[in-house]
Amino acid sequence: MKKKAVLMFTILFVFAMALSGCSGSSSSSGSSKNEILFWNPFTGPDGENMKQIVDEYNKTNPEFKVKNLSITEGDMYTKIPTVVNSGKGIPDLTIVHAERIKQFVDNDMLTPYDDLLGDYPEIKAENYVPAGWNIGDINGSRYSVPLDVHSFVMYYNKELLEKYAPNALDDNVITFDEIREAGELSKKDGITGFGLTWTRPIFLSIYNQLGGDITSDGETPTLNTPEAKEALELIKGLVDDKIANKDGEDPGQLFQSGKAIFYPEGIWMQNGLNEAKNLNWGLTNFPQISPDNIVNWTSSHQFVMFKDENRSEEKTKGMMDFLDYVRQHSLPWAKAGQNPAALETLDDSEYKEMPQSFLIEDPELQKTLKIFDYKYNGFVVEEIDKLVGDAAFGKLDIDEGLEKAQKAIEDKIATNKK
């Protein structure tokens with residue numbers, strides 16, 4: 001009987017301690033009392049770079065440590081409305097893409113930073129790349145703090161450039177005319193001139209160079225325009241004239257194997273290219289129609305705070321401490337192939353040696369970074385992704401495609417408003 005009593009007491013004690021642990025360590029915000037729950041979409045190799053930043057911050061022994069949780073992008077954006085509406089499991093800090101912020105604000109899902117910045121005087125416009133900072137200012141309030149500005153630019157094979165377009169970079173800008181000239185020469189040798197990669201930023205960069213934009217007033221989508229048609233015709237012309245790769249060919253493989261001169265891609269792709277054998281590559285602006293109007297498609301990862309009435313002032317201050325730390329310690333993120341938005345990174349000589357830093361070192365090139373921050377950006381790019389490749393490879397009439405895409409966007413916006 002004595003053994004049974006001891007056993008029963010032990011079980012009850014363990015059970016009580018478990019309950020105590022649960023009640024003391026969790027909250028409706030999805031994180032413990034002294035823990036900042038940080039959601040981000042960095043599930044690829046860049047996730048290790050972000051984990052490094054978080055781990056190094058936690059080693060400083062802050063009152064509120066950061067719990068890093070990387071979630072697949074699609075799943076994360078699906079979960080966000082669910083947890084915010086339920087009031088349970090809300091992350092304290094979240095990285096979202098800049099293009100989504102306006103819609104989150106419209107849906108009254110974000111807490112602004114306005115009342116917090118006074119205690120953090122270095123988190124201010126002067127200390128960040130304008131394209132990344134400005135996107136978070138909506139209706140006079142600050143809804144985000146930028147982590148980076150990541151751009152879609154162009155890689156080139158140095159040996160092939162010297163052979164087929166030796167003077168193309170004399171002005172530091174490669175035009176589509178120069179790409180055509182080089183491609184006409186190189187295709188005789190079985191070398192592709194231009195890789196048709198991610199069609200969305202390729203199209204949007206050209207569209208904006210021609211004076212087009214995806215909205216005229218912040219509400220109405222503008223995709224079916226003469227400028228959009230001209231942009232699609234330019235891309236299709238590269239395919240038709242065998243300057244670009246054929247349908248079904250992998251432009252990345254062509255470039256890595258030394259079979260393509262120009263390879264438009266994101267700055268974040270460089271670490272993968274470094275693994276290619278015998279590939280001597282350079283990095284420059286996205287190709288331009290004219291060197292007088294440079295546009296580099298850009299997006300930005302931004303820190304936001306989703307509304308949570310149970311989040312304490314002390315925890316919020318801990319979150320701001322972390323953001324101020326990131327501002328001063330963004331070099332690991334640059335090593336992921338990104339351009340940190342915090343200008344303090346420019347003081348690091350190691351960063352200045354990184355190929356992508358040219359976009360940030362030159363204040364004039366900072367002005368070329370174009371973020372399409374239309375609140376219905378998601379609806380627009382869904383249709384662009386369907387449209388551009390089919391139009392380029394002759395599977396879809398351009399006029400018909402633009403008309404259908406415009407209507408599809410308008411229908412999605414109308415449904416969203418309901």
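Two strands are said to pair if DSSP finds at least two bridges between them. In this predicted model, strand β1, which covers residues 35–40, pairs with β2 in the parallel sense, and six bridges join the two. Within this pairing, L37 stands opposite K67 in β2.

These two strands belong to an open sheet of five strands, whose order is β2-β1-β3-β12-β6 and whose pairing is mixed. At the edges of the sheet lie β2 (65–70) and β6 (145–146), each of which pairs on one side only.

Helices lie against this sheet. Helix α2, made of residues 46–58, lies across β1 and β2 and runs at about 165° to β2. Helix α12, made of residues 313–328, also packs on the sheet, where it touches β1, β2, β3 (93–97), β6 and β12 (301–304), and its direction makes about 55° with that of β1.

We can now turn to another helix, α17, which takes in residues 377–392. Because each residue should add 1.5 Å, the 16 residues of α17 should span 22 Å, and the end C-alpha atoms are indeed 22 Å apart, which agrees. Helix α17 nevertheless bends by about 25° at I384, and I384 is itself one of the buried residues of this helix, which also include F379, V380, L387 and V388. The buried residues of α17 pack against four helices, namely α4 (101–106), α8 (199–209), α9 (226–240) and α18 (398–417). Just after α17 ends, G394 takes a positive phi of about 75°.

Methods:
Residues numbered from 1 in each chain as written. Predicted model: local features only at pLDDT ≥ 70, side-chain atom pairs only at ≥ 80, totals over all residues. Heavy atoms only, no water. Expected span 1.5 Å × (residues − 1). Bend = angle between axes of the 7 residues up to and from the residue. Buried < 20%, exposed > 50% of the residue type's maximum accessible area, 1.4 Å probe, protein only. Contact = heavy atoms within 4.5 Å. Axes fitted to C-alpha atoms, helices over the stretch in contact; angles between N-to-C directions.
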